[in-house]
Amino acid sequence: MRSPRSLVGGTPVAAHEITFDGRELPALPGQSIAAVLWGAGILAWRTTREGGAPRGAFCGIGSCFDCLVTVNGRPNQRACLVPARPGDTVTTQEGTGRADLAV
């Protein structure tokens with residue numbers, strides 16, 4: 001029987017885990033952080049600078065900046081573009097993501 005996998009010769013690969021706000025989530029090699037979050041049913045992972053409105057992926061191609069997250073302590077990472085790597089720690093980004101720099 002022909003299947004997409006048989007046509008391209010792909011083989012399953014082992015999943016790894018990332019942590020989002022303290023919750024361990026399974027990720028596959030090549031998945032973006034946004035794809036991992038969507039797969040876990042998480043649709044919002046940032047709040048706006050003014051008003052704290054929830055945001056997640058909007059354009060999905062790295063143009064709109066709605067999907068910003070903090071990855072391994074580094075704020076303003078576009079979840080739709082950043083690949084999920086084993087052991088990544090991803091957190092919801094509040095506002096600018098730079099609260100520790102506030103004066």
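In the predicted model, the side chain of His 16 reaches the backbone oxygen of Ala 84 at 3.1 Å. His 16 lies in strand β1 and, because its relative accessibility is 13%, below the 20% limit, counts as buried. Beyond residues up to four places away in sequence, His 16 touches two stretches of the chain: Leu 25, Pro 26, Ala 27, Leu 28 and Pro 29 on the one hand, and Ala 84, Arg 85 and Pro 86 on the other.

Arg 85, one of the residues touched by His 16, is placed in the loop between β6 and β7, the latter covering residues 89–94. With a relative accessibility of 48%, Arg 85 is classed as partly exposed. Apart from neighbours within four places in sequence, the contacts of Arg 85 are with His 16, Glu 17 and Ile 18. The C-alpha atom of Arg 85 is separated by 20 Å from that of Arg 46, a residue 39 positions away along the chain.

Arg 46 belongs to strand β3, which comprises residues 46–47. Its relative accessible area is 9%, and Arg 46 is therefore assigned to the buried class, for which the limit is 20%. A polar contact of 3.1 Å joins the side chain of Arg 46 to the side chain of Asp 66. When neighbours within four places in sequence are set aside, Arg 46 is in contact with Ala 53, Pro 54 and Arg 55, with Phe 65, Asp 66 and Leu 68, and with Thr 92 and Gln 93. Asp 66 thus appears both in this contact list and as the partner in the polar contact.

The chain as a whole contains two helices and seven strands, arranged along the sequence as α-β-β-α-β-β-β-β-β. The C-alpha trace spans about 60 × 25 × 20 Å along its principal axes. Of the 103 residues, 32% count as buried. Among contacts between residues at least 6 apart in sequence, 36% join residues at least 24 apart. The exposed surface amounts to about 6600 Å², of which carbon and sulfur atoms supply 55%. The chain carries 10 positive and 8 negative charges, and the mean positions of the two sets are 11 Å apart.

The largest nonpolar core has 18 residues, and Ile 33 and Trp 45 are those with the most contacts inside it. Two or more residues of this core are given by each of β1, β2, α2 (33–39) and β5 (68–71). The largest share comes from α2, with four residues.

Backbone geometry was also examined at two positions. Most residues other than glycine have a negative phi. Asp 21, which is not a glycine, has a positive phi near 50°. Asp 21 is found in the loop between β1 (16–20) and β2 (23–27), and its relative accessibility of 43% places it in the partly exposed class. A positive phi, of about 65°, is also present at Asn 76, likewise a residue other than glycine. Asn 76 is located within strand β6, residues 74–78, and is partly exposed, with a relative accessible area of 26%.

Technical notes
Residues numbered from 1 in each chain as written. Predicted model: local features only at pLDDT ≥ 70, side-chain atom pairs only at ≥ 80, totals over all residues. Heavy atoms only, no water. Buried < 20%, exposed > 50% of the residue type's maximum accessible area, 1.4 Å probe, protein only. Contact = heavy atoms within 4.5 Å. Core = buried A, V, L, I, M, F, W, Y, C linked by side-chain atoms within 4.5 Å. Polar contact = N/O pair within 3.5 Å; in protein donor to acceptor, adjacent residues only side chain to side chain. Areas by Shrake-Rupley, 256 points an atom, 1.4 Å probe, with all protein chains shown as cover. Lys, Arg positive; Asp, Glu negative; His and termini not counted. Charge placed at Lys NZ, Arg CZ, Asp CG, Glu CD.
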